[in-house]
Amino acid sequence: MDIKEAQKQIIEHLADDWGLLTAGGIEDYNTMTIAWGEAGTMWWKSVVSVYVVPSRHTYGYMQDSDYFVVSLFGSEHKDDLQILGTKSGRDGDKVALTKLTPKAIEHGVTFEEATLTIVCKKIFQQPIDPQALPAWVMEQYYQTMGVHDRFMGEIVDVIE
């Protein structure tokens, strides 16, 4: 699959079936469920943007890593993604609570069960400015979840 097709898959997949965002290496990584994201072109590079609130355990891994991985799954893994989105890696091995199998890849970690893996080299990070958001977005999302940082990465590999 080429990069442009992978970008389409991300957009079509995240809202309904979610995905996993993973940072770190196989010996020390964290993963979290994502349902928001963007794919497109920035600075003439094919990119993916993901959003992480600083209170998430994955946030530190995202800051410390030069790469991040977005893994997509079939709908049969929605329960696993629900666990990984509600449990914290600070409290133990949350992946062990799922049926997913971590797999080392160049620049990170994906899962054997993933139908598509997108490896990204981090090129940009910026906190979202809450003053720039519409009131309904603040009320509906950020007042309970906290304001996220945007992490943008250049797509460097697509694995089917």
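Helices (H or I, at least four residues) and strands (E, at least two) are DSSP runs, numbered from the N terminus. This is a predicted model, so local features need pLDDT of at least 70 and side-chain atom pairs count only at pLDDT 80 or more, while totals for chains, interfaces and linings use all residues. Residues are numbered from 1 along each chain as its sequence is written, and side-chain values use heavy atoms, with hydrogens and water left out.

Let's start with the pocket. A pocket here is an open set of points on a 1 Å grid over the protein atoms alone, where a 1.4 Å probe fits, with protein on both sides within 12 Å along at least five of seven lines; lining residues have an atom within 4 Å of a point. The largest one holds about 320 Å³, a volume being the space filled by probe spheres set on the points. Among its 15 lining residues, Met32, Thr33, Ile34, Arg56 and Met145 sit closest to the centre. Helix H3 (78–86) and S2 each give two or more residues to that lining, and H3 gives the most, with 4 residues.

Now the strands, which pair if DSSP finds at least two bridges between them. S5 is mostly covered, with 5 of its 6 residues buried (under 20% relative accessible area, 1.4 Å probe, protein chains only). Its pairings look like this:

| Strands | Sense | Bridges | One residue pair |
|---|---|---|---|
| S1 and S5 | antiparallel | 3 bridges | Leu20 and Ser71 |
| S5 and S8 | antiparallel | 6 bridges | Leu72 and Leu116 |

Finally, Met62: leaving aside neighbours within four places in sequence, its contacts (heavy atoms within 4.5 Å) include Leu21, Val50, Phe68 and Phe151.

Technical notes:
Buried means under 20% relative accessible area, exposed over 50%, partly exposed in between (1.4 Å probe, protein chains only).
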